Structures are given as structure tokens and as C-alpha cells.
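Please look at the sequence and the 3D structure shown below, and then follow the questions and answers after them.

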Amino acid sequence: MEGNAQDAVGDTMNAGKIVIHGNVGDAVGYAMRGGAIYIKGNAGYRAGIHMKAYREKIPVIVIGGAAGSFLGEYQAGGIIIALGIDIKGDIVGNFPCTGMHGGRMLLRSDCKNIRFPHNVNIARANENTLTPFTGYIKEYCNLFGVDYDKLMDAPFTLLSPDSKNPYKQMYVMN
């Protein structure tokens with residue numbers, strides 16, 4: 001897609017690749033189970049909501065700029081990468097990873113000003129933990145003409161769920 005895209009791009013996507021040479025609206029990748037979405041610019045609210053892996057399929061969203069609030073809300077699987085290219089301010093809005101109980105998220109930022117929920121593991125990425133993501137980042141760089149080495153010369157933060165059942169505190173224990 002040349003230019004910007006509207007809301008809900010890739011809703012329930014199962015396979016394939018979507019490339020957006022601009023920004024995208026809210027709820028990109030809603031409940032996607034496979035395939036990949038590459039966004040040159042920013043994503044609106046609720047990107048990757050209800051994303052989940054299905055059997056051998058792993059959904060991937062790569063955002064070149066920043067994401068709005070609720071990035072990865074109720075994420076149950078898959079990979080979300082936000083690269084923060086040419087942004088002013090934080091790489092993500094409020095309440096990222098709310099209800100996250102699967103998958104992984106990688107943010108090209110030290111995330112020092114971002115509040116994450118208590119059920120999320122937050123770690124500075126290193127060479128070993130970046131390895132599963134580098135192929136997607138290289139694909140982004142190839143699609144949009146970005147210098148990979150320059151892009152990788154920044155801190156990255158890796159997020160993953162901390163609990164097998166993040167909702168257990170909400171229910172009566174048996």
C-alpha cells in the first residue's frame with residue numbers, strides 16, 4: 001500500500017504479507033494468527049490486540065515509528081516490534097501490554113518513561129535475545145530503505161508475559 005491505511009488492517013489475518021508505506025489507523029492486526037504486517041510509519045491505538053500464534057503460524061507486526069495506547073493488548077502470541085524511527089516522545093502510548101499473556105514485544109527504546117503492567121517481564125535486549133527478531137528488522141530495512149546497522153545501534157527493550165495465567169488474581173481460587 002502506498003500511503004496511509006485505515007483502521008483494522010489485517011483483521012483476523014491468517015497468512016501473507018501486508019506492506020504499508022505510511023501510517024496505519026487503530027487495531028492493526030486485530031486477532032491475527034499468521035502472516036506479517038510491515039508499517040513504515042506509526043500505528044494507532046490497540047495495534048496487535050488479541051494477536052495469537054496458531055500451530056506453526058506466528059503473526060508479526062513491525063512498526064517503523066511509534067504506536068498508540070494499548071499496544072499488544074491481550075496479546076496471546078506472535079511478535080510485535082516497534083522501531084521508533086524519527087519520533088518525538090515515547091515509542092508507545094499508555095497501557096502497553098495490558099492483559100498480555102503470550103508472545104513477545106521488542107521496542108527500540110530504553111522505555112524509561114513507560115509504565116508496564118506487573119505481569120510483564122521487562123529486559124534490556126542483548127545480542128542473544130535480539131536474534132529471533134533480526135530477520136524481521138532486516139526485512140523492514142529492505143522494504144523501506146533503512147540502514148540496518150544504524151538502526152540497531154540503539155537500546156532495545158524486550159517484553160514478555162510473566163504469568164501463565166495473568167487473570168488469576170481476578171477470580172476465586174479453587
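**Cores and strands**

The largest nonpolar core has 29 residues, and I39, I63, L71 and L107 are those with the most contacts inside it. A nonpolar core is a set of buried Ala, Val, Leu, Ile, Met, Phe, Trp, Tyr and Cys residues joined through side-chain atoms within 4.5 Å, where buried means under 20% relative accessible area, exposed over 50%, and partly exposed in between (1.4 Å probe, protein chains only). This is a predicted model, in which local features need pLDDT of at least 70 and side-chain atom pairs count only at pLDDT 80 or more, while totals for chains, interfaces and linings use all residues. Residues are numbered from 1 along each chain as its sequence is written, and side-chain values use heavy atoms, with hydrogens and water left out.

Q: Which strands each supply at least two residues of the largest core?
A: Strands are DSSP runs of E with at least two residues, numbered from the N terminus. Those that each supply at least two residues of this core are β2, β3, β4 (76-82) and β5.

Q: Are the two faces of strand β2 covered or uncovered?
A: In a regular strand the side chains alternate between the two faces of the sheet. In β2 (residues 36-39), A36 and Y38 on one side and I37 and I39 on the other are all buried, so that both faces are covered.

Q: In β3, which residue is the bridge partner of A36?
A: Two strands pair if DSSP finds at least two bridges between them, and four bridges join β2 to β3 (residues 60-63), which run parallel. In β3, the bridge partner of A36 is V60.
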